Amino acid sequence: MSDQGFGARPMSHAVFRVARLHKALAGALLRDSGLHPGQELALMTLWSQGPQRLVDLVEAVDSDAPSMTRSVARMERAGLVQRRPSPTDRRAVIVEATPASLELRAKVEGAWAELERLTVGSLSAEQQAEILENLGLLEANLSAVDRP
């Protein structure tokens, strides 16, 4: 796809296009699991790291608190997670995956393996390493920006 109309902003347009395509593909691959993109990240974190404070889960999946709160509420209604007060901090909520969520684990991990396979395509190991390095540089640039 060309960058027509985006003038001297080809990098931002390319990043936008890749992110949009990747998210759409992730959504399609997750459809069988009944999860929305992002929910699988929370579950994968809970499966691998165990119960967490909501604030830690937000940080682990690089989300924001309102979005994560809504996502956790939807997953709780579906029986995939449960929330409980922290025994050590009355202000904190602990989120943990339920045994029912484990039934989705193979589907979610399979979807992510397929997403990785399709994303990498025929790229060589050297090309993959170079792209990862450059994406890290872009992420560092954007992370350094002071947001209003």
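# Helix packing and the nonpolar core

Let me begin with a pair of helices, H2 and H5, whose axes come within 11 Å of each other and cross at roughly 115 degrees, in a crossing that is left-handed. I should say at once that this is a predicted model, and everything that follows should be heard with that in mind. On the H2 side of this contact we find Glu 40, Leu 41, Met 44 and Trp 47, and they meet Leu 102, Leu 104, Arg 105, Val 108 and Trp 112 of H5. Sorted by class, the residues of the contact are 7 nonpolar and 2 charged, with no polar ones.

Now let me step back to the chain as a whole. It has 6 helices and 3 strands, and, read from the N terminus, the elements follow the order α-α-β-α-α-β-β-α-α. The C-alpha atoms fill a box of roughly 55 × 40 × 30 Å along the principal axes, and of the 148 residues in the chain, 27% are buried. If we take the contacts between residues at least 6 apart in sequence, 46% of them join residues that are at least 24 apart.

H5 also packs against another helix, H1, which covers residues 10-30. H1 has 21 residues and reaches 30 Å from its first C-alpha to its last, close to the 30 Å expected at 1.5 Å a residue. H1 and H5 pack at an angle of about 145 degrees, with their axes 9 Å apart, and this crossing is right-handed. From H1 the contact takes His 22, Leu 25, Ala 26, Leu 29 and Leu 30, while H5 brings Val 108, Ala 111, Glu 114, Leu 115, Leu 118 and Thr 119; by class, that gives 8 nonpolar, 2 polar and 1 charged residues. Which residues of H1 are buried? They are His 13, Arg 17, Ala 26, Gly 27 and Leu 30, and what covers them includes H2 and H5.

Turning to the interior, the largest nonpolar core has 19 residues, and those with the most contacts inside it are Leu 43, Leu 57, Met 68, Val 72, Met 75, Val 81 and Val 95. Two or more residues of this core come from each of helices H2 (39-49), H3 (54-60), H4 (65-77) and H5 (102-120), and the largest share, 4 residues, is given by H2. In soluble globular proteins, nonpolar side chains tend to be buried together. To take one member of the core, Val 95, and leaving aside its neighbours within four places in sequence, we find it in contact with Leu 46, Pro 51, Gln 52, Leu 54, Leu 57, Val 72, Val 81, Gln 82 and Arg 83.

Ala 97 lies in strand E3, residues 93-97. Is Ala 97 buried, partly exposed or exposed? Because its relative accessible area is 22%, and buried means under 20%, Ala 97 counts as partly exposed. Not counting residues up to four places away in sequence, Ala 97 touches Leu 46, Trp 47, Leu 80 and Val 81. Ala 97 and Trp 47 are 50 residues apart in sequence, yet 6.7 Å apart in space, C-alpha to C-alpha.

I will finish in the loop between H3 and H4, where Asp 62 lies. The phi of Asp 62 is near 55 degrees, a positive value in a residue other than glycine. Most residues other than glycine have a negative phi. Asp 62 is exposed, with a relative accessible area of 70%.

Definitions and conventions:
Residues numbered from 1 in each chain as written. Predicted model: local features only at pLDDT ≥ 70, side-chain atom pairs only at ≥ 80, totals over all residues. Heavy atoms only, no water. Core = buried A, V, L, I, M, F, W, Y, C linked by side-chain atoms within 4.5 Å. Buried < 20%, exposed > 50% of the residue type's maximum accessible area, 1.4 Å probe, protein only. Contact = heavy atoms within 4.5 Å. Axes fitted to C-alpha atoms, helices over the stretch in contact; angles between N-to-C directions. Left-handed = near helix turned anticlockwise from the far one by under 90°. Nonpolar A, V, L, I, M, F, W, Y, C, P; charged D, E, K, R; others polar. Expected span 1.5 Å × (residues − 1).
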